[in-house]
Amino acid sequence: MSGNVGIDLSGKKALVTGGSRGIGRAIAIRLAEAGCDVAINYLRSRKPAQETAEAVEARGRKAFTYKVNVAQTEKLGDMFAAIEEEFGRLDILVSNAASGVIKPAMELTNRHWHWTMDINAAALLPLAQHASKLMGEEGGHIIAVSSLGAVRAIPNYAAVGASKAALESLVRHLAVELAPSNIRVNAISAGVVDTDALKHFSNRSELLDESARRTPAGRLTEPSDVADAALFLASDLAEMMVGQTIVVDGGYSIMG
Ligand SMILES: NC(=O)c1ccc[n+]([C@@H]2O[C@H](COP(=O)([O-])OP(=O)(O)OC[C@H]3O[C@@H](n4cnc5c(N)ncnc54)[C@H](OP(=O)(O)O)[C@@H]3O)[C@@H](O)[C@H]2O)c1
């Protein structure tokens, strides 16, 4: 390739749900490095959200934090009103926040099931509805963060896996409906990434060792790897990416 095809998102406005820690934080920082102002949503812990906001500001961009459970549909309007007030519009929505109960399917209660589905899958619909209004005629990019459990059976992962499958399906349907409005909707499915989320797995260290060993690229997927894919999907370079789920896992999932 000749020439410098850097990605410049100067002046763009982004919202990263679950942007305070882990993969969401890496995405927020990468978008800021490319020129975005970033709204950082979180659920419980203010301090990491504040630290991410400071990291965005250290890159010369605006940031603010917003605490809301993305599953509380009726409260999302206030978050988007805050974004409109702070930023005037929205160009990029990264639906990254996730939670979920890691248990055998036969031990899942109704509460576990709905908690997981509501946060990981159902929230994308109202988020996209609000976001598309703030994107207006100019359009924008919606990126959902998924996992390999959407298409693979992983022990104790029934609720989260099913929620991610629903998420990826919703991405395709939203992508078709919003493409004429110049809004591109896609997903990133990440391999195992060593974040706080893995604390919920009793076999965390074996999971990490096994993933690293089985990954053709020779190492675990890092939050920054997912952030790089998000940066691409948030840019004009991804104009013809519509309703896709890009796998970022160093080749883990193609191994027999
Ligand atoms: N880690 C992996 O191996 C892996 C692999 C594939 C895909 N993913 C996906 O990558 C995304 C990020 O995962 P991660 O590992 O970075 O997670 P993480 O380190 O556990 O961080 C989760 C983030 O989401 C926020 N959050 C959780 N529930 C929320 C809710 N209901 N409303 C708003 N914010 C909420 C948390 O805020 P608080 O800190 O305030 O609670 C935190 O900012 C998720 O979609 C996950 O499924 C992760």
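**Entry 1: D236**

I started with D236, which counts as exposed because it has 10 C-beta neighbours inside 10 Å. My cut-offs, with C-beta atoms placed from the backbone: buried means 20 or more other C-beta atoms within 10 Å of the residue's own, exposed means 12 or fewer, and partly exposed is in between. D236 is found in the loop between α8 and β7. Helices (H or I, at least four residues) and strands (E, at least two) are DSSP runs, numbered from the N terminus. I then checked R184, which is 52 residues from D236 along the chain. Their C-alpha atoms are separated by 9.7 Å.

I noted the ground rules here. This is a predicted model, in which local features need pLDDT of at least 70 and side-chain atom pairs count only at pLDDT 80 or more, while totals for chains, interfaces and linings use all residues. Residues are numbered from 1 along each chain as its sequence is written.

**Entry 2: helix α8**

I moved back to α8, residues 223-233. Is this helix mostly covered or mostly open? It is mostly covered, with eight of its 11 residues buried. The buried ones are P223, D225, V226, A227, A229, A230, L231 and L233. They pack against α1, β4 (92-95), β5, β6 and β7 (245-248). Contact means that the C-beta atoms of two residues, placed from the backbone, lie within 7 Å.

**Entry 3: the ligand shell**

I listed the residues around the ligand and got 30. A residue is near a molecule or strand if its C-beta atom, placed from the backbone, lies within 6 Å of it. The closest are G18, G22, A98, T195 and A197. Which elements each supply at least two residues of the shell? I found α1 (22-33), β2 (37-42) and β5 (140-147). The largest share, three residues, comes from α1. By class, I counted 15 nonpolar, 12 polar and three charged residues in the shell. Nonpolar here is Ala, Val, Leu, Ile, Met, Phe, Trp, Tyr, Cys and Pro; charged is Asp, Glu, Lys and Arg; the others, Gly among them, are polar.

**Entry 4: S147**

I took S147 next, in strand β5. S147 counts as buried because it has 29 C-beta neighbours inside 10 Å. Leaving out residues up to four places away in sequence, S147 touches K164, S189 and A190. I also checked A63: it is 84 residues from S147 in sequence and 27 Å away in space, C-alpha to C-alpha.

**Entry 5: two helix pairs**

Two packed helices are described by the angle between their axes and the distance between the axes. I used axes that are lines fitted to C-alpha atoms, for helices over the stretch in contact, with angles from 0 to 180 degrees between N-to-C directions.

First I looked at α3 (residues 73-87) and α5 (residues 124-135). They pack at about 25°, with their axes 10 Å apart. The two are therefore roughly parallel to each other, a label for angles under 35 degrees (over 145 is roughly antiparallel, 65 to 115 roughly perpendicular, the rest oblique). Their crossing is right-handed. That is, the near helix is turned clockwise from the far one by less than a right angle; anticlockwise would be left-handed. From α3, T73, L76, G77, F80, I83 and E84 make the contact; from α5, P126, L127, H130 and L134 do. I sorted these residues into six nonpolar, three polar and one charged.

Then I checked α4 (residues 110-122) with α6. Their axes come within 9 Å and cross at roughly 30°. This crossing is right-handed too. H112, W113, T116, M117, N120 and A121 in α4 meet A159, V160, S163, K164, A166, L167 and L170 in α6. This contact has eight nonpolar, four polar and one charged residues.

**Entry 6: positive phi**

Most residues other than glycine have a negative phi. I found N156 with a phi near 65°, in the loop between β5 and α6 (158-178). N156 is partly exposed, with 19 other C-beta atoms within 10 Å. N182 also has a positive phi of about 65°. N182 lies in the loop between α6 and β6 (183-190). Is N182 buried or partly exposed? It is partly exposed, with 14 other C-beta atoms within 10 Å.

**Entry 7: A212**

I closed with A212 in helix α7 (residues 204-214). With 17 C-beta neighbours inside 10 Å, A212 counts as partly exposed. A212 touches R219 and L220, not counting residues up to four places away in sequence.
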